[in-house]
Amino acid sequence: MLLVGIGPGPATHLTPVAEDALRSADVVVGYKPYLTMVAGLIGDARTLGSGMRAEVDRARSAIETAAAGETVAVVSSGD
């Protein structure tokens, strides 16, 4: 499982390591607006997005998906 901090600002400010992590994922999990911000980097990866206050549910989904053998990137703003 990969944790990708996207930080403040546009996706063009992402580090190359963060971009590579997103491109390598089978599934990208995160807050829906953050997934929209990085949509151009995730290709055909499946996304699991949700709204505010669903952090625990997103974490559980990410863990279950990774345990099933998929490469999962969890997108976070970094705060």
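**Exercise 1. Place Arg 60 and Asp 57 in the fold, then find how they are linked.**

Solution. Start with position: Arg 60 and Asp 57 both lie in helix α3, three residues apart, about one turn of the helix. Helices here are DSSP runs (H or I, at least four residues), numbered from the N terminus. Next, the link: Arg 60 forms a salt bridge with Asp 57, and their closest N and O atoms are 3.9 Å apart. A salt bridge needs a side-chain nitrogen of Lys or Arg within 4 Å of a carboxyl oxygen of Asp or Glu. Last, exposure: Asp 57 is partly exposed, at 48% relative accessible area. The classes are buried (under 20% relative accessible area), exposed (over 50%) and partly exposed in between, with a 1.4 Å probe and protein chains only.

A note on the model. It is predicted: local features need pLDDT of at least 70, side-chain atom pairs count only at pLDDT 80 or more, and totals for chains, interfaces and linings use all residues. Residues are numbered from 1 along each chain as its sequence is written, and side-chain values use heavy atoms, leaving out hydrogens and water.

**Exercise 2. Describe the pair Glu 55 and Arg 58.**

Solution. Both residues sit in helix α3 (residues 55–67), three residues apart. Glu 55 forms a salt bridge with Arg 58, with closest N and O atoms 3.9 Å apart. Now check exposure. Glu 55 is partly exposed at 46%. Arg 58 is buried at 13%.

**Exercise 3. Which residue forms a salt bridge with Arg 23?**

Solution. The partner is Glu 19, with closest N and O atoms 3.3 Å apart. Both lie in helix α1 (residues 16–24), four residues apart.

Notes
Helix = DSSP H or I, 4+ residues; strand = E, 2+ residues; numbered from the N terminus.
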